Amino acid sequence: MKAMLLEAPGRPLRLVEWPRPQPAAGQLLLAVRACGVCRTDLHVFDGELWQGKLPLVLGHEIVGRVVERGAGVERFALGQRVGVPWLGRTCGRCPHCARGTENLCAAAEFTGYTLDGGYAEFALADQNYCFALPDCYSDTEAAPLLCAGLIGYRSLMATGEARRLGIYGFGAAAHIVAQVARWQEREIYAFTKPGDLAGQDFARQMGADWAGGADAEPPDELDAAIIFAPAGELVPQALRHTAKGGTVVCAGIHMSDIPAFPYAILWGERCVRSIANLTRRDGEEFFAVAPLAGVRTEVTTFPLAAANEALQRLRTGQVQGAAVLVMD
């Protein structure tokens, strides 16, 4: 099979002939139809996250069809379409797994990081960590839902019933979560890079009540904010615009250092919290909500061999919505 292989952090991915994997007990072999290109892939590619394996096949927003089943597989039939997310496996025995916070399992493994992912024609996945996907989405439309959608949804739930919601960084996750927030009748204030007028216009198209640069003053005080951009300096900026009792959610798996800030902007029972990975319950809830909320994904597609171009365009902000690799 063909795969785009990461052989060392920072080196361009290389298109290679890679052995077609064989499913072990409980595993599915999937013919990959589409795989989203996520900012987390960039963090792995750049070596900002590094506990993974080398060589590595990136990609954790996988949509594929089951072509082979390992022993004991019961959940999915041959030919069925399934989605594979970032969370690839957990121990199932630790205190976190026992109380439903499996996203914090110390022995967790992750698709496209510690496990080979979907920048390839075939991929393996544990049957217990895959999702059936709503039929209303095509393969390319469904791919971003598997991380941008799921992490966005978990981040939104962390804001509670916040009415006025700020969103910092309007990319793949933000354009999905904004639609869910609008369906929930929240007000949305979108913050982009200063001067990114195209990004601000896109945010308005996705339902934002207001859009401006990250250095701008929103017209109203926020009840909560979600930071998708991996920029630590946005934390104090978001706190300054958040009301007492409000929450600032850091949604990325990697962020630059948060600068020192005065206690006064945290005081008043404001809360800063992070989101780590996802749980299977998040997926079950989100894939039920997304069709009801009318969520649609804006995607730019690339062939598998153009994965390096897709990553570079994502890095430089030249992708509106989400980038998705498609197989021939």
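**How the calls are made in this predicted model**

Q: Why is His60 called buried?
A: His60 has a relative accessible area of 0%, and buried means under 20% (over 50% is exposed, in between is partly exposed; 1.4 Å probe, protein chains only), so His60 counts as buried. Keep in mind that this is a predicted model, where local features need pLDDT of at least 70, side-chain atom pairs count only at pLDDT 80 or more, and totals for chains, interfaces and linings use all residues. Residues are numbered from 1 along each chain as its sequence is written, and side-chain values use heavy atoms, with hydrogens and water left out.

Q: What makes the link between the side chains of His60 and Asp41 a polar contact?
A: Their distance is 3.1 Å, and the term takes a pair of N or O atoms within 3.5 Å (within protein, one must be able to donate a hydrogen and the other to accept it, and residues adjacent in sequence count only if both atoms are side-chain atoms). So the pair fits.

Q: How do you know that Cys94 and Cys97 are not bonded through sulfur?
A: Their sulfurs are 3.6 Å apart, too far for a bond, because a disulfide needs two cysteine sulfur atoms within 2.5 Å. Searching the whole structure turns up 0 disulfides. As for Cys136, its nearest cysteine sulfur, in Cys130, is 19 Å away.

Q: Why is Cys94 called buried?
A: Cys94 comes out at 16% relative accessible area, so it falls under the cut-off for buried.
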